[in-house]
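Trainee: Could you take me through one part of this model in detail? I'd like a close look at a single chain and what it touches.

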Amino acid sequence: MATATLKGRPTLTRRPARHRLLPYLLSLPALLVCIGILVPFATAVAYSLQRYNSSLPYLRKWIWWGNYQTFLTDSAFWNTVYVSLSYTIWTVGIELLLGLAIALLLQRTTRFNNAAAIACLLPLMIAPALAALMWKLMTNPDFGILSYLVGLIGLSDFRWASSPSTAMFTVVLIDVWVYTPFIMILLLAGLRALPRQPFEAAELDGVPASFVFFRITLPMLMPYILTAVLFRLLDAIQQFDIVYAMTQGGPGDRLMVFQVQAYLERFQYLNVGRSAAFLMVLWLITFILSNLFIKNWLRLRERARGAV
Amino acid sequence: MHEKAKDAVASFVAGRTSRRELFGYGAKLGLGAATMGFLLNEAQTTAQAADFDWQYYKGKTVNLLLNKHPYADAIIADLENFKKLTGMDVKYDVFPEDVYFDKITAALSSGSTQYDAFMTGAYQTWQYGPAGWLEDLNEYIKDPKWTNPAYAWDDVLPNLKASTSWSGVPGAALGGEGAKQWAVPLAFELNSITYNKRIFDKAKVEPAKNLPELVEIAAKIQGSGQNVYGIGTRGSRSWATIHPGYLSAFANYGGKDFEVADGKLKAAMNSAAGKEMTALWVDMIKSSGPRNWSTYTWYQVGTDLGAGASGMIYDADVLGYFMNGGDNKEAGNLAFSAFAPNPKGSSPTPNVWIWSLALNSYSSQKGPAWWFVQWATGTEHGLFGAQKMDLVNPVRNKIWQDETFRARIAKSYPGYLEQYAASSPGSKIYFTPQPLFFNLTTEWAASLQRMVAGELPVSEGLDELAANVDNQLKQAGLG
Amino acid sequence: MASKISGGAVLRAAARIIVLLFFLFPIFWVFLMSFQTNQQILRIPPSIFFTPTLENYTALFSGRLQTASGSLDIAFIKNLLNSIILSSCSVLIALILGVPAAYAFARFKFRLGENIAFTLLSFRFAPPLLVLVPLVAYFQMIGLSDTYIGLIWVYQLICLPLILWIVRGYFEDISPDIEHAYRVDGHSWAKTFFKIAIPLARPGIAAAALLSFIFAWNNFVFALILASADKQPVTVGALAFVTSAGIQYGIIAAAIVLSVTPTLLLALYAQRYLVEGLSLGAVKG
């Protein structure tokens, strides 16, 4: 039987049924709306279990785990896993460090800092699909301002996204430019919401700044960091816009991330089954990662609540 | 409103006045050449209506999906005439080319009835046809009930007709036995050299006669101290990198993409001829191609040529044509040259890209849609497009013989007609038709990228590609 | 001691300037480009000096642009309107659905509560392409293809989880005592929710709404596949400036400047809530 109780407060009397149903009434519409959209999910699962290429209709049949089995020995698949994971680790790692540093810089509530925080949000407001067009121009060896600037410091042959050795660097740079503000603003909010007492006490005791940061600031900021990283992780591993606009996964297969591969398989090669299988693997990875994060997040929050 | 002008136009159509008199008269009335052209086309369309019931589908509405392209612009500019001729209405969606085909694929693969007819390339029909998404247009063209007698299907260049028809059997020749006409050509492009005369003169070079010479000249331009690079070609990770200059040269060297035997395909990119040509190509890109080559689509290739950043391009002739006008910095400096890459060969073998119109097999109004397609690919609209808009290259003999069109091109695009005359006899699709075209050709491009980046030598790269392609063909039951 | 402090302050100031430079320089450059003709942009080497022109903006507003291959019709203003309609309706609906749900998860411990919350968040995990392709066919069947409603529905996958997560955190941050006191006074639950809980959570709601507005605004793939040219937002519409007569960089730059404006105005308006509103259920002292 479903019992609805207000958190932290024991129920003294039995509430009327209407009230027990209340939380369900409040949350179900959201759930229904989303589930409605996810009906296609089941279709996609079915596709992933078939040999299904639209341009070879006579070959279509159920092969169950066949698509997944070919992945095991398919170097293209493992390359995609590798590229997606390294893209995710690089972008989220750099964005977290940079976002945290900037949030610390802008921590004090001053007029300049508030204005700077909004200004830093600007890259987030430019759609990545359009931002990539601009970056493509800015990194053009002839007309591009960035190529010109790095040329001034002696890197006249820097080839940005078009060279295998710098392609990952370039798309990571763009991702960092676009999404660091997202992490920054969440962490800034966290920093400004931290209680004062522990810091004041530490200052009175003359505790060194590094100790304060690692033993007080960072642990207290953890729920924010986890949330920011969770959302970024989900987006980064599902990266599409920037990579597709910059190189379509090239040069070679250097930037072939999951969604670009799946997009090509689906929309250009009409390989419906294989595309769906790629996406299912991606879904599994994100599902596992976010499960880990959310469990940790809930535990941390419980602990923080218990501590105060 | 233009009653007087209309009278004048009618008298022209009846053969009473000459074209020059007609346009002179239009100028007196204060009408521009385009308006007069439109009115003229209107009158001719009326004349054409006499022997065929164009009004059969009066009141119907046709929905089109068009690519953002001068060819689509020409259709849109002439659309009023179609509406007047047929009493039908036309609605259209225009999408930029970057996403155009993905949009079609999404619509067709979900069985959408949203679009009745759409623009497509020939390669795409190798997927859409076998998938059952297209109508076989032979059934319409060959039936006088469906097609107006003035349509003159025989006037369409035979190579193009063949290149847009295929039996659907992997590896079977285009236009061969049992071929279905999946699409009707609208206009096409072939691949040749467009060069910047100003830059060439300064570097004291002439257009190359063959590929080894091209490599040399490109390097010479690069080293001529003009702060430009030698030659522009596409390099993005896409099938589109292979099909222009690269495949034209590949075919000229005698290279083949596949060998077909007993209905099975076998990769042949790694033949000796293919390796020789590819090695030259990779050297050329390395030493004098665009530095960001592996991100270059035809937009960047064209933009660089128009802005004077590259000395020449080996790409679609119409790309050079488009860049030689408007507000481009180098407009007026561009010249054209046919190109036969193999020193032992004699004539060019340009691969072609054909923008065509096709019918959605899910469409609930194929009749009205076909009415539109036969109008848009007919002589009247073709003439309008070639004379007044940029419907170049035309697909009909009659239009190539049209004096107004020829005079216009000769005046504004010096050397273009000569280039076309030399290029066109050998121009056709040099790929072997098979449904995995996009998959395998994109892989070819990715492999070329790795060779240019110096990640693997040409010979090894092509061997690896061929092995990989064979493997995929086997998996799909084609190899 | 004094010199040491000022040394740190100088470093901090320098760091701030570098940060601003990194994030703003590309935008500054795009802003400059929006006042240049394509010819000026495509100069070798690039230069900061030019005679500004309003050509790009006039072209966007008037809907016509002259290029090498004739004139180009621009539906940009329509695209901008589509973006505004899609993003604001999506956020609005996500708020209507998400805020009560967030409240339920924050205030009530109920069976399956955490599971429902997790499921809702997990919609964010589904790769967009996975859902997208079959969706085209289903929308076709139920008549939602190429409609605003269909798109807004799909946009819930972007907006709802974000709103739910942030607003829930914020509700948990507010002590329930005030609501209790109000309830004890004999007011109904609904009244408490609307009169007390929502106003108190306003910063959280505003911040969540702003962020999901931004993500909806920036979406590319959903709109590309599901909408016809008629309902296209700016992200897809701006691709039309990649033309056969060259890439119209000046226009693209102007389009970016214009497309950022509504979001920026919204951000400035919500500024005072933004930072405060994102305190996600961490415990305040």
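Mentor: Sure, let's take chain C, keeping in mind that this is a predicted model. Start with its partner: 83 residues of chain C are in contact with 85 residues of chain A. On the chain C side, helix 1 is the top contributor, giving eleven residues. Sort that side of chain C by class and you get 62 nonpolar residues, twelve polar and nine charged.

Over on chain A, an unreviewed UniProt entry annotates "transmembrane region" at residues 21–49, 87–106, 118–137, 167–191, 211–234 and 276–294. Take two of those spans. Residues 21–49 of chain A are 93% helix and 0% strand, with 40 Å between the end C-alpha atoms. Residues 167–191 of chain A come out at 100% helix and 0% strand, and there the end C-alpha atoms are 35 Å apart.

Now back to chain C and its inner layout. Chain C splits into domain 1 (2–73) and domain 2 (76–277), and the C-alpha centres of these two domains of chain C sit 30 Å apart. Their contact draws on 19 residues from domain 1 of chain C and 16 residues from domain 2 of chain C. On the domain 1 side, helix 1 (2–33), helix 2 (38–41), helix 3 (55–62) and strand 1 (64–67) of chain C each put in at least two residues. Helix 3 of chain C gives the most to that side, with five residues. As for class, the side of domain 1 of chain C that touches domain 2 of chain C has eleven nonpolar and eight polar residues, and no charged ones.

Terms used: Residues numbered from 1 in each chain as written. Chains lettered and ligands numbered in written order. Predicted model: local features only at pLDDT ≥ 70, side-chain atom pairs only at ≥ 80, totals over all residues. Domains from an automatic or database assignment. Contact = placed C-beta atoms within 7 Å. Helix = DSSP H or I, 4+ residues; strand = E, 2+ residues; numbered from the N terminus. Nonpolar A, V, L, I, M, F, W, Y, C, P; charged D, E, K, R; others polar. UniProt positions renumbered as here; feature names shortened; annotations may be inferred.
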